[in-house]
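Reader: Could you pick one part of this structure and take me through it closely, then show me what lies around it? I'm in my first year, so please explain the terms as you go.

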Amino acid sequence: MTISVLHTTDAWWVETPTGAARIATEATTTAQLLADRAAIEAALAGTDTVALESLDLISPVTRPCRVVAQMTNFESHVRDAGMDPSSIPLTFFRKASASISGPFADIVKPAHVQLLDYEVEIGLVIGRPIPVGAIITDANLAEFVAGLVVTNDVSARDIQLPQTQFYEAKSYPTFTPVGPKLVLLDAAELRRFNDLRLRLRVNGTERQNALVEGDMLYRPLQALQSLTQFQELAPGDLILTGTPVGTALSAPPKPVEMIANLLPPAVKWKAFFKRQAGNRKYLQNGDVVEASVATDDGSIDLGTQRTPVRYP
């Protein structure tokens, strides 16, 4: 059975059938908590609980940590971007961990950003040190992945696209909402990763809805095998695994793209952003973004984050 860990500013909690039980731990970081499994198990057996609704939850992934994301990792998203899924390599980019925020905190648009986009993603939380060259297989994957979280890879598209790099555009404060809970999984539960469905709504209207099975190109095993060829990982690090179709950004029709490619870069981007300015799918001031991940049968449920959008 999955174990759902919650975090407030002053404590760690575990979800029980009657509410939330406080974990008796001195841990102040996700890494420290994951090393104190006995305290988590003890809290599960406790009877002294509080209502879940009474907790002011923050991200269950603490910072600083490494935040590494897979790029264009869903076939539906790749096709929507006008690319061939068979041509997409397994690639990564980094986000600043200072971008991590809570599951109900505001997403704050920087004043100079015009095109604010969303991407619901499944986050892998690393549970033990992984040195470069570690042997990771189906048999031991659960030893390295402690659990999963809902994440939203918020993106400033008007910064990302002209720069052709992702770090700045995806690293502003509040650009990585995480939670509401860290769901710890055993090996059998982690093997159901393909059954997870990602959903995202804006103001109650569904924008993204996709099942991992049949859509995700590179699964956690492949991602970690590739990443740890050159990058060590530590407990509490966060790996974002990509987003499906449905983001505000979408590829222009082929004839428009062909004409744009003939233009000087400055003219091309000016025309592109003029078209995008009329796209009301980009996040607006006061919008509420709801992102959730769960299996259809509900046996694995990472919860739902609800993040209002605030313009300065």
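Author: Here is a walk along one sheet, followed by a look at its surroundings.

First, some ground rules: this is a predicted model, where local features need pLDDT of at least 70 and side-chain atom pairs count only at pLDDT 80 or more, while totals for chains, interfaces and linings use all residues. Residues are numbered from 1 along each chain as its sequence is written, and side-chain values use heavy atoms, with hydrogens and water left out.

Let's start with the sheet itself. It is open, has ten strands with mixed pairing, and reads S4-S3-S2-S1-S14-S11-S10-S17-S5-S6. Helices (H or I, at least four residues) and strands (E, at least two) are DSSP runs, numbered from the N terminus. Two strands pair if DSSP finds at least two bridges between them. At the edges you'll find S4 and S6 (92-95), each with a single partner strand, so one side of each has no neighbour in the sheet.

Now zoom in on the S4 end. S3 pairs with S4 (residues 49-50) over two bridges, in the antiparallel sense. There, Ala21 sits opposite Thr49 of S4. On to S2: four bridges tie S2 to S3, and these two strands are antiparallel as well. You can pick out the partners by name: Val14 has Ala21 in S3 as its bridge partner, and Trp13 has Arg22. The link from S2 to S3 is a hairpin through two residues.

So what packs against these strands? One answer is helix H2 (residues 37-44), where Ala39, Ile40 and Ala43 are buried (under 20% relative accessible area with a 1.4 Å probe, protein chains only; exposed is over 50%, and partly exposed is in between). Looking down the axis of H2, those buried residues fall within an arc of 100°, so they line one face of the helix; the arc is taken from the directions from the helix axis to the C-beta atoms. Ala38 and Ala42, on the other side of H2, are exposed. The buried residues of H2 pack against strands S1 (3-8), S2 (11-16), S3 (19-22) and S14 (182-184), plus helix H1 (30-34). Packing here rests on contact, which means heavy atoms within 4.5 Å.

Further along the same order comes S11, and Asn152 lies in that strand. Asn152 counts as buried, at 0% relative accessibility. A polar atom of its side chain lies 2.9 Å from the backbone nitrogen of Glu119. That is a polar contact: a pair of N or O atoms within 3.5 Å where, within protein, one must be able to donate a hydrogen and the other to accept it, and residues adjacent in sequence count only if both atoms are side-chain atoms. Leaving out residues up to four places away in sequence, Asn152 touches a list of residues including Lys95, Tyr118, Glu119, Val120, Leu200 and Gln305.

Glu119 turns up again with Thr247, a residue in the loop between strand S17 (238-240) and helix H8 (254-260). Thr247 is buried too, with a relative accessible area of 4%. Its side chain reaches the backbone oxygen of Leu249 at 3.0 Å. Among the residues Thr247 touches, beyond four places in sequence, are His77, Tyr118, Glu119 and Gln208.

S10 and S11 also feed the largest nonpolar core. A nonpolar core is a set of buried Ala, Val, Leu, Ile, Met, Phe, Trp, Tyr and Cys residues joined through side-chain atoms within 4.5 Å. This one has 53 residues, and Ile122 and Leu148 touch the most other members. Elements supplying at least two residues each include S10 (120-126), S11 (145-152) and helix H5 (157-163). Apart from it lies another core, of 27 residues, with Ile3, Ile23, Ala27 and Ala69 among them.

Last, step back. The chain splits into domain 1 (1-56) and domain 2 (61-310), with bounds from an automatic or database domain assignment. Their C-alpha centres lie 27 Å apart, and 16 residues of domain 1 are in contact with 18 residues of domain 2.
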